[in-house]
Amino acid sequence: MLKRLSGVLVGLGHRVTTGIWRIGAGARLFFYIWVYLIESFKRPGLIVREIFATGVLSLLIILVSAFFVGMVLGLQGYNTLQKYGSSEAIGVLVALSLVRELGPVVTALLFAGRAGTAITAEIGLMKATEQLSAMEMMAVSPVARVIAPRFWAGVISMPILAALFSMVGVLGGYFVAVPIIGVDDGAFWSQMQANVDFRDDIMNGVIKSLVFGVVCSMIALFEGYDAPPTAEGVSRATTRTVVNSSLAVLAIDFILTSFMISV
Amino acid sequence: MERTTIDLWVGVFVALGIAAIFGLALKVGNLTSSSIGETYTVTAAFENIGGLKPHAPVKSAGVLIGRVDGIVFDSKDYEAKVTIKLDKRYQFPVDTFANIYTAGLLGEQYVGLEAGGDEVVLKNGDKISHTQDAVVLEKMISQFLYNKASDNKSSETIKAAE
């Protein structure tokens, strides 16, 4: 009985200490990325290459999903708004929900799935094949050469992807509302422009996507850097990247929204 | 892939992103429509502002000419002091009338300015003294019911007299 109880306590203690250790190690990695800030921007070629891998290659999935999300918003919004006789407000509904919430959040979730997993698997495999240790042997810091460029690439790509998502989503909503349903073209845009504020809505969306970019890239990099150097370890780290990024994005979204919307 | 191809794609990507933010700002957002150039500030005191909010439009003859900058409660006169930023291009006489209207039946509230006949125009920091409060629906209904009741009473007394 006593032995079983102590076993439970040991398990609990182990989980807590591992959790604290991981937070500390993540913070240390984050700190080192900032230490190598100047060094990583001295070689912009590395960052450009990573922007290609994380940003440009994610374009297709982001744009296609944005168009569909916008079209669904248009259909669903029209269905409800028309009951209250205000179907012209469809433009406002589509634009506000995309710019404020869906743009940054859905982009971050897709980004975690499309680019985050790739980063984790790549760095995990680099670690498993001892490429990172080899770099250290040659007095090349893996943080400066491998981690930091991927981090900055993610931070730069995320707001761009989110802005494109919102823009294409609005076009998707327009496509459904104006040519298919037959909402007035002028009312669609003018109501939207009257109710979407540049600073309160669009810039807040950009700030959100920037924060999500930091969070998603950091989680993906840390999970890869921390992965046990085995095939199973890398696969588990990849899973954790998606799970942790998604949870972190949704939780941080709530916190940011509560700051941005003054009740 | 070759280095220049990657550079090209990243350049296209970043340019697209900047274009998207500009597109959102100009086509979706209010950066163009709310571009009121240089402004001057006037104040107006209302006994009741209803649901008027900061950034609400200020219109004259239906045209947007400014925005509500801030609303504070004045504890000396127990009134709401509304600060209004007006476009420098538009001058209003000092006896201009400021009303709070509602756009549509359930729409947002805005300030409507009706120009008076005075020669002297409003300057920065001036106060609009002629104001009319927002319509409060409950007050209107209770007044209507009160009038209706007194109408009935008076007609009854006439009947009784006959």
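**Chain B and the cores of a predicted two-chain model**

Tyr78(B) sits in the loop that links S3 to S4 of chain B. In this predicted model, the phi angle of Tyr78(B) is near 55°, a positive value in a residue other than glycine. Tyr78(B) counts as exposed because it has 8 C-beta neighbours inside 10 Å. A similar description can be given for Ala61(B), whose place is in the loop between S2 and strand S3 (63–74) of chain B. Phi of Ala61(B) is likewise positive, near 55°, and Ala61(B) is again a residue other than glycine. With 9 C-beta neighbours inside 10 Å, Ala61(B) is classed as exposed.

A further loop position is Lys53(B), found between S1 and strand S2 (57–60) of chain B. Lys53(B) has 12 other C-beta atoms within 10 Å and is therefore exposed, since the exposed class takes in residues with 12 or fewer. Between Lys53(B) and Leu26(B) there are 24 Å in space, C-alpha to C-alpha, for a separation of 27 residues in sequence.

These loops belong to a chain with two helices and eight strands. Read from the N terminus on, the elements of chain B follow the order α-β-β-β-β-β-β-β-β-α. The radius of gyration of chain B is 25 Å, well over the 15 Å that the globule rule gives for 162 residues, so chain B is more spread out than a compact globule. Its C-alpha trace spans about 105 × 40 × 30 Å along the principal axes. The division of chain B is into domain 1 (1–33) and domain 2 (39–136), and the C-alpha centres of these two domains lie 40 Å apart. Of the 162 residues of chain B, 21% count as buried. Where contacts in chain B join residues at least 6 apart in sequence, 63% of them link residues at least 24 apart.

The strands are next. Chain B holds an open sheet of eight strands in the order S7-S1-S4-S3-S2-S6-S5-S8, and the pairing is mixed. At the edges are strand S7 (127–128) and strand S8 (130–132) of chain B, each of which pairs on one side only. Strand S1 (residues 39–46) and strand S4 (residues 79–87) of chain B run antiparallel and are joined by eight bridges. Within this pair, Thr39(B) is placed opposite Asp87(B) in S4(B).

Attention now turns to the nonpolar cores. The largest has 77 residues, and Ala95(A), Ala163(A), Leu164(A), Cys216(A) and Leu221(A) have the most contacts inside it. At least two residues of this core come from each of helix H3 (44–54), helix H4 (59–81), helix H5 (90–128), helix H7 (142–181), helix H8 (185–195) and helix H9 (198–226) of chain A, and also from helix H1 (3–28) of chain B. The greatest contribution is that of H7(A), with 23 residues. Apart from its neighbours within four places in sequence, Cys216(A) has contacts that include Ala108(A), Phe111(A), Ala112(A), Gly116(A), Gly154(A) and Met158(A), as well as Ser245(A) and Val249(A). A second core, separate from this one, has 20 residues, among them Val42(B), Ile65(B), Ala80(B) and Ile100(B).

Finally, the contact between the chains involves 18 residues of chain B and 23 residues of chain A. On the chain B side, these comprise twelve nonpolar, five polar and one charged residues.

How values were computed: Residues numbered from 1 in each chain as written. Chains lettered and ligands numbered in written order. Predicted model: local features only at pLDDT ≥ 70, side-chain atom pairs only at ≥ 80, totals over all residues. Core = buried A, V, L, I, M, F, W, Y, C linked by C-beta atoms within 7 Å. Helix = DSSP H or I, 4+ residues; strand = E, 2+ residues; numbered from the N terminus. Contact = placed C-beta atoms within 7 Å. Domains from an automatic or database assignment. Nonpolar A, V, L, I, M, F, W, Y, C, P; charged D, E, K, R; others polar. Pairing = 2+ DSSP bridges. Rg over C-alpha atoms; globule rule 2.2 N^0.38 Å.
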